[in-house]
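Reader: I've got a protein model open and I'd like to learn how to read its strands. Can we go through it together?

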Amino acid sequence: MSSLTDRRVPGLVRGSLITLRRRCGKPTCRCADGAPHETPALSYSFQGRTRTVTLRAEDLPAVHAALERYATARQRLEDEALAGIEALRARVGHPER
Ligand SMILES: [Zn+2]
């Protein structure tokens, strides 16, 4: 179940966490001659392009956890596929089966 009002962070997220830095352009803002504004974001590639999703600071721990779950799931899939290849090799080695 998901909807526009569902603010929970998804279980799996792909990409990497970055910090966007920008100056807002207001001449009286502290960023005019000080440090730029910093916004956490998720950077990910999609159809050959890099995209970003800006994040709220309070969502960072959950996004980080979702990234780790993705890495774990991806590694599990990779291991399973490699085991499948080894199984194929074994079949070729034993054509009677
Ligand atoms: Zn500013």
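Reader: Which residue in E2 stands opposite Ser16?

Author: When strands pair, you look for residues that sit across from each other. Here, Ser16 has Ser43 of E2 opposite. Keep in mind that this is a predicted model.

Reader: How many bridges join E1 to E2, and do they run parallel or antiparallel?

Author: E1 and E2 (residues 37-46) are joined by 7 bridges and run antiparallel. E2 also pairs with E3 (residues 49-54), again in the antiparallel sense, over 6 bridges. Phe46, for instance, has Arg49 in E3 as its bridge partner.

Reader: What do E2 and E3 form, and how many residues lie between them?

Author: A hairpin, with 2 residues between the strands. Check Gln47 in the turn: its phi is positive, about 50°.

Reader: Now Arg21: is it buried or exposed, and why?

Author: The general idea is to count neighbours, and 12 or fewer other C-beta atoms within 10 Å means exposed. Arg21 is exposed because it has 11. This residue belongs to strand E1 (residues 16-22).

Reader: Which residues does Arg21 touch, leaving aside those up to four places away in sequence?

Author: Pro36 and Glu38. Glu38 is 17 residues from Arg21 in sequence, yet their C-alpha atoms are 4.6 Å apart in space.

Reader: And in what order do the elements run from the N terminus?

Author: β-β-β-α, so to speak the protein's table of contents: 3 strands and 1 helix. As for burial, buried residues make up 2% of the 97 residues.

Key. Residues are numbered from 1 along each chain as its sequence is written. This is a predicted model: local features need pLDDT of at least 70, side-chain atom pairs count only at pLDDT 80 or more; totals for chains, interfaces and linings use all residues. Helices (H or I, at least four residues) and strands (E, at least two) are DSSP runs, numbered from the N terminus. A residue is buried if 20 or more other C-beta atoms lie within 10 Å of its own, exposed if 12 or fewer, and partly exposed in between; C-beta atoms are placed from the backbone. Two residues are in contact if their C-beta atoms, placed from the backbone, lie within 7 Å. Two strands pair if DSSP finds at least two bridges between them.
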